Amino acid sequence: MRKLLFAILLISFSAISFAQNKEVLSILMKDGSQVCFLLAEKPLITFAGDDVKVVSDTDEAVIKRENVEKFEFIEELPSSVGNVDEQVRENFELAGNVIHVSGLEPGCKVLLYKVNGELVMSAVANDGGAAVISIDALSKGVYLVNYNETTIKFIKL
């Protein structure tokens with residue numbers, strides 16, 4: 001019993017010391033996507049049935065356990081824009097606390113979601129095919145912007 005307790009304590013202290021220099025909890029999914037939580041926001045991981053639930057001071061995510069590849073601690077948040085084709089890169093801009101989307105059909109909806117799927121804001125493209133969403137009032141965290149058949153993940157720091 002003492003050996004088991006010692007082994008558990010040793011593993012716990014190793015994990016704590018490893019995570020000390022890290023700032024982000026990264027959950028890598030089997031499909032290659034990634035969900036990140038800042039450690040400063042105190043993410044809490046619980047397992048219930050087939051789900052993994054992560055709750056932090058600002059965000060919440062429920063993920064099917066079978067979709068999770070691994071958990072890891074990383075030093076910084078990954079780049080907020082990556083693997084985006086050229087057309088999307090030209091039409092999507094995150095400048096300061098404002099999202100600009102252009103090249104849309106007039107009336108096209110641009111939707112902004114929290115990582116847990118909750119709709120936070122929306123905008124409609126004007127006659128010039130542009131939509132603007134201010135993210136100034138949003139808390140820090142991971143968000144998704146969806147329009148047409150495009151979804152872009154970004155991180156507000």
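Q: Why does E60 count as partly exposed?
A: Its relative accessibility is 31% in this predicted model. Buried would need a value under 20% and exposed one over 50%, so a residue in between is called partly exposed. E60 therefore gets that label.

Q: What makes the contact of K53 with E60 a salt bridge?
A: The closest N and O atoms of the two residues are 3.9 Å apart. The cut-off is within 4 Å, so the pair makes the list. As for K53, it's partly exposed too, with a relative accessible area of 34%.

Q: How do you know that D51 and K64 form a salt bridge?
A: Their side chains meet at 3.2 Å, N to O. Set that against the limit of 4 Å and the pair qualifies, because 3.2 Å falls within it.

Q: Why does the pair of D51 and K64 tie together parts that are apart in sequence?
A: D51 lies in strand 4 (residues 51-55) and K64 in strand 5 (residues 60-64), so the bridge links parts that are 13 residues apart in sequence. The backbone has a say here as well: K64 is the bridge partner of D51 in strand 5.

Q: What are D51 and K64 called, buried, partly exposed or exposed?
A: D51 has a relative accessible area of 23%, and K64 has 42%. Both values sit between the 20% and 50% cut-offs, so both residues are partly exposed.

Q: Why is the E118 contact with K114 called a salt bridge?
A: Here the closest N and O atoms are 3.8 Å apart, and with a limit of 4 Å the pair therefore passes. E118, at 41% relative accessibility, counts as partly exposed, and so does K114 at 22%. In the whole structure, the search turns up five salt bridges.

Q: How do you know that strand 4 and strand 5 pair?
A: They share five bridges in the antiparallel sense. At least two are needed, so they count as paired. The two strands also form a hairpin, with four residues between them.

Q: What makes strand 3 a partner of strand 4?
A: Again it's the bridge count: strand 3 (residues 44-48) and strand 4 are joined antiparallel over five bridges. With a threshold of at least two, the two strands therefore pair. One of the matches puts V54, in strand 4, as the bridge partner of I45. This hairpin has two residues between its strands, and G49 in the turn has a positive phi of about 60°.

Q: Which side chains of strand 4 point to the buried face, and which to the other?
A: V52 and V54 point to one face and are buried, while D51, K53 and V55 point to the other and are not. That's the usual pattern: in a regular strand the side chains alternate between the two faces of the sheet.

Q: What are the two faces of strand 8 made of?
A: In strand 8 (residues 98-101), I99 and V101 form the covered face, and V98 and H100 the uncovered one.

Q: How do you know that strand 8 pairs with strand 7 and with strand 11?
A: Four bridges join strand 8 to strand 7 (residues 92-95), running antiparallel. Four bridges also join strand 8 to strand 11 (residues 131-134), antiparallel again. Pairing takes at least two, so both cases qualify. A95 stands opposite V98, and H100 has V132 as its bridge partner in strand 11. In the hairpin of strand 7 and strand 8, G96 takes a positive phi near 65°.

How values were computed
Residues numbered from 1 in each chain as written. Predicted model: local features only at pLDDT ≥ 70, side-chain atom pairs only at ≥ 80, totals over all residues. Heavy atoms only, no water. Buried < 20%, exposed > 50% of the residue type's maximum accessible area, 1.4 Å probe, protein only.
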